[in-house]
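Okay, thanks for coming, everyone. I'd like to walk you through one model today, so let me put it on the screen.

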Amino acid sequence: RALKNNQALVNQGFISATALGYNWYDKRRKILNVSVTALTAQVQENQEWLNQRERWEKRMNWIEAKMPYTDSAGRSQGQLLEELQTSALDAELKITGQTLLEPLALDHANEVAVNIKVRGDQDKMLHWLLTLQVPEKFQAMKSFEFELDTKAKEKIPQAQCNLTIARWFNPNPPEEGTADPATLPPSSPES
């Protein structure tokens, strides 16, 4: 009888160990399946990037050749502000505020930025906003808030806009004997 009890305990122990082992194996298998699925997706994404390598290299070469260099962030920021003021006045818009933002040294470019507040005719403002983002000048609208001016007394719809415009510059000066990229005629990168 003791032998049968020992045999039953061994069988129960074996069954329990098998069940615990299977549970561990099943959990581990599920974790590995999720990991394999994630790695497969990452391989596919990386392959897509590799397939686009030539395209991105062309764009990088264009940027390196065309991005202007500045030796004075303050002067470049002043020029950007002056251009924005002039274009806003030409569009018959009123600048109600302006702030020079701290120049930044990014990992791929140096940035100067200006925050301006503008008010005026809604249609003229929308047209003016469309002219601000200029890839050839490495100029972009980083942020903007646009709202209709409901308190305006003019019959033509008025709007207010608060926007930040940035311009990027090559952090490396042009090599001696090469043309200054800032003086090259504008062109766009091939897609």
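I'll start with the pocket and then go through some salt bridges.

Quick ground rules: this is a predicted model, so local features need pLDDT of at least 70 and side-chain atom pairs count only at pLDDT 80 or more, while totals for chains, interfaces and linings use all residues. Residues are numbered from 1 along each chain as its sequence is written, and side-chain values use heavy atoms, with hydrogens and water left out.

Right, the pocket. By pocket I mean an open set of points on a 1 Å grid over the protein atoms alone, where a 1.4 Å probe fits and there's protein on both sides within 12 Å along at least five of seven lines. The largest one comes out at about 390 Å³, the volume being the space filled by probe spheres set on the points, which are joined across faces, edges and corners. Its lining (residues with an atom within 4 Å of a point) has 18 residues, and Trp 62, Ile 63, Met 67, His 108 and Phe 138 lie nearest the centre.

Who supplies that lining? Helix α2 gives the largest share, five residues. Both α2 (53-66) and β4 (139-148) contribute at least two each; helices here are DSSP runs of H or I, at least four residues, and strands are E runs of at least two, numbered from the N terminus. By type, the lining splits into eleven nonpolar, five polar and two charged residues. Charged is Asp, Glu, Lys and Arg; nonpolar is Ala, Val, Leu, Ile, Met, Phe, Trp, Tyr, Cys and Pro; the others, Gly among them, are polar.

On to salt bridges: a side-chain nitrogen of Lys or Arg within 4 Å of a carboxyl oxygen of Asp or Glu. There are ten. One of them joins Lys 137 and Glu 83 at 3.5 Å, N to O. That pair spans 54 residues, from the loop between α4 (122-130) and β4 to helix α3 (73-90).

Next, Lys 124 and Glu 92, with closest N and O atoms 2.2 Å apart. Lys 124 sits in α4 and Glu 92 in the loop between α3 and β1 (94-100), so parts 32 residues apart in sequence get tied together.

And what about Arg 119: which residue does it pair with? Asp 149, at 2.8 Å. Asp 149 is buried at 13% relative accessible area, while Arg 119 is partly exposed at 23% (buried is under 20%, exposed over 50%, partly exposed in between, with a 1.4 Å probe and protein chains only).

Last one: Asp 26, Arg 29 and Lys 30 form a salt-bridge network.
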